Amino acid sequence: MSQAASSDDKITLISDWNGTVTEQPAPASHGEGPVVTDKSYQQYLDRLAENPLLTDDNIRLSKDQVGGVRRFLGGAGTIGLAATLLGAAILNPFHALAAFEVGVFTALACSLGSLFVVMLFHILNVNWGITLRRQLENVASIIWVPIFGLLLITLIELPLSDGLLLQWLRPEHEGNYLLGKKAGFLNPGFFVIRVLIYGTVWFLLARTLASNSTDQDVTGDRMNSRRSRQIAGFGLLLFALTTAFAAFDFLMSMDFRFFSTMWGVYYFAGAAMSACALAAVITAAMRVTGRLNGVVTKEHYHDLGKLLFAFTVFWSYIAFSQYFLIWYGNIPEETAWFLFRKTGGWDILFILLIVGHFTVPLLVLISRNVKKATLGLAAFGVLMLVMQVFDMVFVIRPMVYIDQPWSPDPVGPAGWWLDIAGVIGVLGVFGYFLLGKITQSALIPIKDPRLEECLKHKNYV
């Protein structure tokens, strides 16, 4: 990391990272000026320790302070999961599993999107996002919760010879020509191997990046930031492949006749959007409790709002492009997927996604004032998280009665409580563990080499 030297040893940290060096300046011909020495870096850490914005009262939450909310989320999650099991017994196990999956894939989107944004911050050496990064790391690090949900779904689906939501497991489709062509990929053994690979890659990436960050809080070792950047270099490639194929395996393959090469990007766009939305909600909640004052400012919110706006528009672009190409191609295996979701009441949800997931956010989030407003951005964060839930409902729930096309959902409004229970059950448990994670460390990376620059961040566009 280079610096602008002066006679009084004051330094200006720059995002060009060089690691630990001796106290000799780099040659002037390199055009980078002197490098940060161990001594000058220790002076930087000392200044951070004395910064009045970085007191424990401003950058830490105790377990007692979130205990009531955490118990509420844990209780809601437990009741929701219990109600989901009850619904499987008295209504329909297909419906109950679909409701559970909606919650799992919403939670997974939040964790995967957060993991992506963390790696993006590292690979780009982002300065403005340092004070936001810890909460993204926290969300990413509890990815084991939705991973456990995926494993549970796998254990439910595969032992049943007739399958549940994964149509390619059902015996009535044995001998299907199209399924036969995909049998090399869609078979139980390879499916289990892929699920284990996905979970392992996500867990290790999230855990390693979070550990590097929290360890740096203790040691102040600036090489942790360099290691995280190196991990992000190959981690983004692994993330892209595993996220896309997981979306293929669990969502697209529920109807093995349907295929879309844009499906992986479609789910990724929703995940990145969900991460930005959840970060806005979490930081706003911290501000309401009196934390992060002067640490996360309207300037940081402005940039976070830009990211939320960008991924909202990106999701809309991918969703429209996928729909348009399938409509234009008019291939029965593809069009049938959308035709079924535009009948039996699902067309209302289709319109709701167009309005709530694109039109309203586009018209409102384009405003600079909304992006800078703590509560305003948080409100739209909540809206976008709800839209992510509806998006997963639109993808997953119609599969419950896919064998009865062109007819309304037999359960109808009488079974909506089961959909709500499944989502609340998973997201309540997810929130319970997230709050526990938040209290285990400082709310920001307190010894990050770019923190001082982040605290002075100013938007000029």
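Select helix 4 (residues 93–123) and helix 15 (residues 374–396) in this predicted model. Helix 4 passes helix 15 in a right-handed crossing. The axes are 9 Å apart and the packing angle is about 135°, so the two helices are oblique to each other.

Now show the side chains at that crossing. Helix 4 contributes Ala-98, Glu-101, Val-102, Phe-105, Thr-106, Ala-109 and Cys-110. Across from them, helix 15 supplies Leu-385, Gln-388, Val-389, Met-392, Val-393 and Ile-396. By class, this contact has 10 nonpolar residues, two polar and one charged.

**The other partner of this tour for helix 4**

Keep helix 4 and add helix 16 (residues 416–438). Here the axes come within 8 Å and cross at roughly 35°. This crossing is right-handed. On the helix 4 side, select His-95, Ala-96, Ala-99, Phe-100, Val-102, Gly-103, Val-104, Thr-106, Ala-107, Cys-110 and Ser-111. On the helix 16 side, select Leu-418, Asp-419, Gly-422, Val-423, Val-426, Leu-427 and Phe-430. The contact of helix 4 with helix 16 divides into 12 nonpolar residues, five polar and one charged.

Val-102, Thr-106 and Cys-110 of helix 4 are listed in the contact with helix 15, and Val-102, Thr-106 and Cys-110 also appear in the contact with helix 16. Their spacing can be read against the helix repeat. An α-helix has 3.6 residues a turn, so residues three or four places apart point the same way.

**The nonpolar core**

Which residues touch the most other members of the largest nonpolar core? Select Phe-105, Trp-202, Leu-251, Trp-263, Tyr-267 and Ile-396, out of 136 residues in that core. Two of these have been on screen already: Phe-105 from helix 4 and Ile-396 from helix 15.

Centre on Tyr-267. Beyond its neighbours within four places in sequence, Tyr-267 is in contact with Phe-105, Leu-108, Ala-109, Leu-112, Thr-243, Ala-247, Leu-251, Gln-388 and Met-392. Among these, Phe-105 and Ala-109 of helix 4 and Gln-388 and Met-392 of helix 15 belong to the contact where the tour began.

**Helix 6 and helix 8**

For Trp-202, display helix 6 and helix 8 together. The axes of helix 6 (residues 144–157) and helix 8 (residues 188–219) come within 10 Å and cross at roughly 175°. That makes helix 6 roughly antiparallel to helix 8. From helix 6, pick Trp-144, Ile-147, Leu-150, Leu-151 and Thr-154. These meet Phe-191, Val-192, Val-195, Leu-196, Gly-199, Trp-202 and Phe-203 of helix 8. The contact of helix 6 with helix 8 has 10 nonpolar residues, two polar and no charged.

**Helix 10 and helix 12**

Go to Ala-269, which is in helix 10. Ala-269 is buried, with a relative accessible area of 0%. Leaving aside neighbours within four places in sequence, Ala-269 is in contact with Phe-311, Phe-314 and Trp-315. A C-alpha distance to try is Ala-269 to Ala-310: 9.8 Å, with these positions 41 residues apart along the chain.

Next select helix 12 (residues 332–340), whose buried residues are Glu-334, Thr-335, Trp-337, Phe-338 and Phe-340. These buried residues pack against helix 10 (263–288), helix 11 (298–329), helix 13 (346–365) and helix 15.

**Asn-58 and two loop residues**

Select Asn-58 in helix 2 (residues 56–59). Is Asn-58 buried or exposed? Its relative accessibility is 8%, so Asn-58 counts as buried. Not counting residues up to four places away in sequence, Asn-58 touches Leu-53, Gly-290, Arg-291, Leu-292, Asn-293, Val-295 and Leu-443. The C-alpha atoms of Asn-58 and Gly-294 are 9.1 Å apart, although 236 residues separate them along the chain.

Leu-292, one of the residues touched by Asn-58, sits in the loop between helix 10 and helix 11. Leu-292 is buried at 1% relative accessible area. Its phi is positive, about 65°, and Leu-292 is not a glycine. Most residues other than glycine have a negative phi.

For a second positive phi, move to Asn-125 in the loop between helix 4 and helix 5 (130–141). Phi of Asn-125 is near 55°, and at 9% relative accessibility Asn-125 counts as buried.

**Zoom out**

Show the whole chain: 17 helices and zero strands. Of its 461 residues, 55% count as buried. Among contacts with a separation of 6 or more, 80% come from residues 24 or more positions apart.

Key: Residues are numbered from 1 along each chain as its sequence is written. This is a predicted model: local features need pLDDT of at least 70, side-chain atom pairs count only at pLDDT 80 or more; totals for chains, interfaces and linings use all residues. Side-chain values use heavy atoms; hydrogens and water are left out. Axes are lines fitted to C-alpha atoms, for helices over the stretch in contact, and angles run from 0 to 180 degrees between N-to-C directions. Helices (H or I, at least four residues) and strands (E, at least two) are DSSP runs, numbered from the N terminus. Angles under 35 degrees count as roughly parallel, over 145 as roughly antiparallel, 65 to 115 as roughly perpendicular and the rest as oblique. A crossing is left-handed if the near helix is turned anticlockwise from the far one by less than a right angle, and right-handed if clockwise. Contact means heavy atoms within 4.5 Å. Ala, Val, Leu, Ile, Met, Phe, Trp, Tyr, Cys and Pro count as nonpolar, Asp, Glu, Lys and Arg as charged, and the others, Gly among them, as polar. A nonpolar core is a set of buried Ala, Val, Leu, Ile, Met, Phe, Trp, Tyr and Cys residues joined through side-chain atoms within 4.5 Å. Buried means under 20% relative accessible area, exposed over 50%, partly exposed in between (1.4 Å probe, protein chains only).
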